[in-house]
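Hi everyone, thanks for coming. I'd like to walk you through one model today, so let's put it on the screen.

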Amino acid sequence: MRSFSLVFIILVFLVFFIVGFSVIYFFLYTRKINQRLKEGVYEGRRLWTPQKVVLCLVIAVLVILCIVPLSRLITGDKDTPVIDDAYYQAEYMHEVYTPEEMQEGYLQQYSIDENPGYEKTIEQVGDVKFTYFISEQSYDRMHPAFIVYVQYTGNEPVEVYDYMVQFLTTEYQNLWGNGSGGADTSDYICIMGNASINCIVEVYAGYYQEKEYAERSDEDELTPTGEKIQILLNHAAAEE
Amino acid sequence: MKIKLMVSDNSYEKLAAALTEKGIEIDEDADLILTERNQYINHLTGRGDGEIYRIGVADIICIESLSHDIFVYTSDGCYKVRERLRQLETLLDPEQFLRVSNAVIIARHQVKRIKPAMSSKYLLTMTDGRHVDVTRSYYNIFRDSFGI
């Protein structure tokens, strides 16, 4: 959506540029030829007619618009480093649980207060409090590498929440992400996840009124909003 | 026998005297015309208000063809001439006159303003306020002539 808007803006700018330049040149050209007429100068370098200028401008813009994408296609975008294949072969996962679900089965062992073998951190970002735990052990498929408790601490009444979990390379390149939302804003939500490779996990969470949330959803569903934390997972086992 | 002289001023008097002596009448309405090679005329003969006038080419603003008639416009008025536009094109000094369309010859020094159009044309404003179009066929000739 953003890239489409950018292309549209660029095209509109180019049209205005061509039209504006042509109008200005038209006036300058008219002035110049009448100046020569007044001075009785009938020899001299022939001027480019406005039609020729417009044509050349349009062709130049079209050529530039074709060349730039072609060159990027051929040489690749040198500014953006290539993502290592290892990231594509790694596993990423996360789940979200309500407080009720956290009281069931094996989830009962986890708590917002303390989790043995995990380093606890609390971050208050705006009206959202993130209490998160990062595993101090090596990568283990059976246990989450990170646990994040998300709570709303603001004074304004809220009716819905949404969240998104984004996995990034250690160079901050997007790998994979997913999110959802709900209506129960009374307590916390718990997000647990894991990754088989060292990476960065971004957790977004936002709390809204119904109307505000509906408007936001209409605009752009793909861009995460809300408050954010970043967690560095540095636990993956070394390759054998 | 009647003859019309379309020659330069230098030759006119001499020729007129010689022809008159031979019994040949000089008449501006004559169908027989005597012209001079490699010389451009300084006067045209035209009819206006029922009278015949001798028009100096320096006074001409433009010459226009309308239907089958040729009109010469000066600051004093409008005169009808018998010559065709193509004929006038050869008789008038190309340094001073330029054909800008199938129907119009202009006097170059009588152009007051040039306005370009976006469609390979120019709109000329003459010294008497008259507007004349330079058509597409004569576009490049006009540009070369005026150096624009």
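Before anything else, one cut-off: I call it a salt bridge when a side-chain nitrogen of Lys or Arg is within 4 Å of a carboxyl oxygen of Asp or Glu. Please also keep in mind that what you see is a predicted model.

With that rule in hand, how many salt bridges cross the interface of chain A and chain B? The rule finds one. The partners are Arg46(A) and Asp144(B), and their closest N and O atoms are 2.3 Å apart. That pair counts because 2.3 Å falls within the 4 Å limit.

Polar contacts are the next item. Across the interface of chain A and chain B there are seven residue pairs of that kind, with both residues at pLDDT 80 or more.

Which parts of chain A make up the side that touches chain B? Two helices, α1 (2-39) and α2 (50-75), each bring at least two residues to that side of chain A. The biggest giver is α1(A), with seven residues. Sorted by class, this side of chain A holds nine nonpolar, five polar and three charged residues.

Now for the contact as a whole. Chain A puts in 17 residues and chain B puts in 20 residues. Together the two chains bury about 1,600 Å², and 54% of that is on carbon and sulfur atoms. Which three residues supply more than any others of the area that chain A buries against chain B? They are Tyr42(A), Arg46(A) and Gln51(A), with 39% of it. So you meet Arg46(A) twice: in that trio, and in the salt bridge with Asp144(B), as the rule defines one.

Let's turn to chain B on its own. Its secondary structure comes to three helices and 13 strands. Of the 148 residues in chain B, 46% are buried. Looking at contacts in chain B between residues at least 6 apart in sequence, 43% of them link residues at least 24 apart. On the outside, chain B exposes about 8,200 Å², with 46% supplied by carbon and sulfur atoms.

One last stop in chain B is Asp76(B), which sits in the loop between β7 (69-74) and β8 (78-81). Is Asp76(B) buried or exposed? Asp76(B) counts as exposed because its relative accessibility is 68%, and the cut-off for exposed is over 50%. Asp76(B) also has a partner to look at in Asp128(B): 52 residues separate the two in sequence, while their C-alpha atoms are 9.9 Å apart in space.

That's my tour, and I'm happy to take questions.

How values were computed
Residues are numbered from 1 along each chain as its sequence is written. Chains are lettered from A and ligands numbered from 1 in the order in which they are written. This is a predicted model: local features need pLDDT of at least 70, side-chain atom pairs count only at pLDDT 80 or more; totals for chains, interfaces and linings use all residues. Side-chain values use heavy atoms; hydrogens and water are left out. Contact means heavy atoms within 4.5 Å. Buried area is the accessible area (1.4 Å probe) that two parts lose on being put together, summed over both. A polar contact is a pair of N or O atoms within 3.5 Å; within protein, one must be able to donate a hydrogen and the other to accept it, and residues adjacent in sequence count only if both atoms are side-chain atoms. Helices (H or I, at least four residues) and strands (E, at least two) are DSSP runs, numbered from the N terminus. Ala, Val, Leu, Ile, Met, Phe, Trp, Tyr, Cys and Pro count as nonpolar, Asp, Glu, Lys and Arg as charged, and the others, Gly among them, as polar. Buried means under 20% relative accessible area, exposed over 50%, partly exposed in between (1.4 Å probe, protein chains only). Accessible areas come from the Shrake-Rupley method with a 1.4 Å probe; for residues, only the protein chains shown count as cover.
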